[in-house]
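The following exercises are to be worked through with the sequence and the three-dimensional structure at hand. Each task is followed by a solution in steps.

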Amino acid sequence: MAALVTISSVCYRGVRPLLFRSSSLIRPLAVQKDRDCPYLISAKIHATPSNYAYSGSKAASLHWTGERILSIALLGLAPVAYYYPGPAVDYSLAAALTLHGHWGLGQIVTDYIHGDFKIKMANAGLFLLSTVTFAGLCYFNYHDVGICKAVALLWSK
């Protein structure tokens, strides 16, 4: 209520606040009936820019669904790796963990890196890191005890 009093006093003095300009996409917040306010107090709704409004592709939705499926698969792989360790589970874990990390770091790149050249370099570095990670895990699975037994050995000591 205090915010409405402050807004109405600014409105009454004839000052038009920056955040409360009317637009074609507006939603009324409050109306002061006892004073003559020259306009309806409203907030601008930020619409998606028209060039991003509809791409005609379901790639983002499918990517989101794939991330959720992979997360559920990783939850299922944890007990399977504990009770039934073996090469199939080791390589499945190597692929799932690498893809999970790749997608997670890809979101960090998307959110925090700006500029075309910087984004291209970060994505190239991310692909290189993911490739080396997967190759290293596969090498560890083939030439050493594997991911499942390595975790079991760490927990046994």
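In the protein chain, which has 157 residues, 22% are buried. The model is a predicted one.

**Exercise 1. Describe the overall architecture of the protein chain.**

Step 1. The secondary structure amounts to 5 helices and 2 strands.

Step 2. Following the sequence, these elements occur in the order α-β-β-α-α-α-α.

Step 3. Turn next to the contacts whose separation is 6 or more: 47% of them join residues that are 24 or more positions apart.

**Exercise 2. Characterise the largest pocket by its volume, its lining and the elements that contribute to it.**

Step 1. The volume of the largest pocket is about 300 Å³.

Step 2. Its lining consists of 14 residues, and those nearest the centre are Ala-81, Tyr-82, Cys-148, Val-151 and Ala-152.

Step 3. Two or more lining residues come from each of helix H2 (59-83), helix H3 (87-112) and helix H5 (147-156). The greatest contribution is that of H5, with 6 residues.

Step 4. By class, the lining comprises 13 nonpolar residues and 1 charged residue, with no polar ones.

**Exercise 3. Identify the residues of the largest nonpolar core and the helices that supply them.**

Step 1. The core has 10 residues, namely Leu-70, Leu-74, Leu-77, Ala-81, Val-89, Leu-93, Ala-94, Ala-96, Ile-147 and Cys-148.

Step 2. At least two of these residues are supplied by each of H2, H3 and H5.

Step 3. Compare this list with the pocket: Ala-81 and Cys-148 belong to the core, and both are also among the residues nearest the centre of the largest pocket.

Step 4. Take Leu-70 as one member of the core. When neighbours within four places in sequence are set aside, Leu-70 contacts Ala-96, Leu-99, His-100 and Trp-103.

**Exercise 4. Two positions are listed under "binding site" in an unreviewed UniProt entry: His-100 and Tyr-112. Determine where each lies and whether it is buried, partly exposed or exposed.**

Step 1. His-100 is located in helix H3, and Tyr-112 also lies in helix H3.

Step 2. The relative accessible area of His-100 is 39%, so this residue is classed as partly exposed.

Step 3. Tyr-112 has a relative accessibility of 64% and therefore counts as exposed; the cut-off for this class is over 50%.

Step 4. Beyond neighbours within four places in sequence, His-100 contacts Leu-70, Ser-71 and Leu-74. Of these partners, Leu-70 and Leu-74 are members of the largest nonpolar core.

**Exercise 5. Analyse the surroundings of Gly-146. Is this residue buried or exposed, and which residues does it contact?**

Step 1. Gly-146 occupies the loop between helix H4 (116-143) and H5.

Step 2. Its relative accessible area is 0%, so Gly-146 is buried; the class requires a value under 20%.

Step 3. With neighbours within four places in sequence left out, the contacts of Gly-146 are Asp-90, Phe-140 and Asn-141.

Step 4. Finally, consider Pro-87: between Gly-146 and Pro-87 there is a sequence separation of 59 residues, while their C-alpha atoms are 7.3 Å apart in space.

Key:
Residues are numbered from 1 along each chain as its sequence is written. This is a predicted model: local features need pLDDT of at least 70, side-chain atom pairs count only at pLDDT 80 or more; totals for chains, interfaces and linings use all residues. Side-chain values use heavy atoms; hydrogens and water are left out. On a 1 Å grid over the protein atoms alone, a cavity is a set of points where a 1.4 Å probe fits but cannot get out, and a pocket is an open set with protein on both sides within 12 Å along at least five of seven lines; lining residues have an atom within 4 Å of a point. Grid points are joined across faces, edges and corners, and a volume is the space filled by probe spheres set on the points. Helices (H or I, at least four residues) and strands (E, at least two) are DSSP runs, numbered from the N terminus. Ala, Val, Leu, Ile, Met, Phe, Trp, Tyr, Cys and Pro count as nonpolar, Asp, Glu, Lys and Arg as charged, and the others, Gly among them, as polar. UniProt positions are given in the numbering used here, feature names are shortened, and annotations may be inferred rather than shown by experiment. Buried means under 20% relative accessible area, exposed over 50%, partly exposed in between (1.4 Å probe, protein chains only). A nonpolar core is a set of buried Ala, Val, Leu, Ile, Met, Phe, Trp, Tyr and Cys residues joined through side-chain atoms within 4.5 Å. Contact means heavy atoms within 4.5 Å.
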